[in-house]
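Visitor: I am new to this structure and should be grateful for a guided introduction. May I put some questions as we look?

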Amino acid sequence: MTIEGAVIIEKGVTFAVIHVAPEVTRYTIKSTQTRRALMRFFPGMPIILMSLAPDGSPQYYGRKDIADFLRSVRLDQIPWKKYHIVIKTTS
C-alpha cells in the first residue's frame with residue numbers, strides 16, 4: 001500500500017500527517033483504527049489524518065493543538081512524500 005504523508009517537526013514536536021480518503025475522517029471508529037494501524041510506521045509520533053472536503057479544503061483529525069496548527073499551514077507548504085507500507089490484517 002502506498003500512502004501520502006509527511007513527518008513534521010514544529011516547536012520541538014515531531015508528528016506525522018497522513019492524507020486519507022474523506023470516509024476515514026468522517027467516522028470516529030474508522031479514523032481511530034487507521035491511526036492505530038499507522039502507529040507502528042511512525043513510532044512515538046502523534047498521527048494526524050487529513051482528508052479533503054468537497055470544496056478542497058483540508059480537514060484534520062488528531063491531536064487538537066497539532067490540528068489547529070495545521071489549519072494555519074497551506075497544503076503546498078507540507079513536505080508530502082510517498083510511503084510504501086504493508087498493513088497486516090487479521091481474519
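Visitor: Does Arg71 count as buried or exposed, and at what relative accessibility?

Guide: The model shown here is predicted. A residue is called exposed when its relative accessible area is over 50%. Arg71 therefore counts as exposed, its relative accessibility being 52%.

Visitor: With which residue does the side chain of Arg71 meet in a salt bridge?

Guide: The N to O distance of this salt bridge is 2.7 Å. The partner is partly exposed, with a relative accessible area of 36%. The residue that meets Arg71 is Asp68.

Visitor: Which residues are joined into one network by salt bridges that share partners?

Guide: Arg71 and Asp68 are linked by the salt bridge just described. Salt bridges with shared partners make one network of Lys64, Asp68 and Arg71.

Visitor: How many salt bridges does the structure hold?

Guide: Besides the bridge between Arg71 and Asp68, one of them joins Arg63 to Asp65, with the closest N and O atoms 2.8 Å apart. Arg63 is partly exposed at a relative accessible area of 37%, and Asp65 is partly exposed at 44%. Another joins the side chains of Arg74 and Asp76 at 3.0 Å, N to O, and both of these residues are exposed. The number of salt bridges in the structure is four.

Visitor: Let us turn to the sheet. In what order do its five strands stand?

Guide: The sheet is open and its pairing is mixed. Strands E4 (58-61) and E5 (81-84) each have a single partner strand and stand at the edges, so one side of each lacks a neighbour in the sheet. Neighbouring strands are turned by 35° against each other on average, direction ignored. The order is E4-E3-E2-E1-E5.

Visitor: Over how many bridges do E1 and E5 pair?

Guide: Strand E1 comprises residues 2-10, and its pairing with E5 is antiparallel. Among the partners, Thr2 is matched with His84 in E5, and Ile3 with Tyr83 in E5. The number of bridges between E1 and E5 is four.

Visitor: Which residue in the turn between E1 and E2 has a positive phi?

Guide: E1 and E2 pair in the antiparallel sense over seven bridges, and in this pairing Gly5 stands opposite Ile18 in E2. The two strands form a hairpin with two residues between them. In that turn, a positive phi of about 50° belongs to Lys11.

Visitor: Which helix packs on the sheet, touching E1, E2, E3 and E4?

Guide: Among the strands it touches are E2 (13-19) and E3 (47-52), and its direction makes about 130° with that of E3. The helix spans residues 28-38 and includes Thr28. The helix that packs on the sheet is H2.

Visitor: How far apart are the C-alpha atoms of Thr28 and Tyr61?

Guide: Thr28 lies in H2 and is exposed, with a relative accessible area of 53%. Along the chain, Thr28 and Tyr61 are 33 residues apart. The separation of their C-alpha atoms is 9.0 Å.

Visitor: How many aromatic pairs are found in the whole structure, and which residue pairs with Phe15?

Guide: The search of the whole structure finds two aromatic pairs. In the pair that contains Phe15, the rings are 6.4 Å apart, centre to centre, with 80° between the planes, and the arrangement is edge-to-face. Phe15 lies in strand E2 and its partner in helix H3 (residues 64-70), so the pair ties together parts that are 54 residues apart in sequence. Phe15 is buried at a relative accessible area of 1%, whereas the partner, partly exposed at 26%, is Phe69.

Visitor: How are the planes of the rings of Phe42 and Tyr83 arranged?

Guide: Phe42 lies in the loop between H2 and E3 and Tyr83 in strand E5, so this pair ties together parts that are 41 residues apart in sequence. Phe42 is buried, with a relative accessible area of 3%, and Tyr83 counts as buried at 17%. The ring centres are 5.3 Å apart. Planes over 60 degrees apart count as edge-to-face, and because these planes stand at 75°, the arrangement is edge-to-face.

Conventions:
Residues are numbered from 1 along each chain as its sequence is written. This is a predicted model: local features need pLDDT of at least 70, side-chain atom pairs count only at pLDDT 80 or more; totals for chains, interfaces and linings use all residues. Side-chain values use heavy atoms; hydrogens and water are left out. Buried means under 20% relative accessible area, exposed over 50%, partly exposed in between (1.4 Å probe, protein chains only). Two strands pair if DSSP finds at least two bridges between them. Axes are lines fitted to C-alpha atoms, for helices over the stretch in contact, and angles run from 0 to 180 degrees between N-to-C directions. Contact means heavy atoms within 4.5 Å. Rings of Phe, Tyr and Trp (its six-membered ring) pair if their centres lie within 6.5 Å; planes under 30 degrees apart count as stacked, over 60 as edge-to-face and the rest as tilted.
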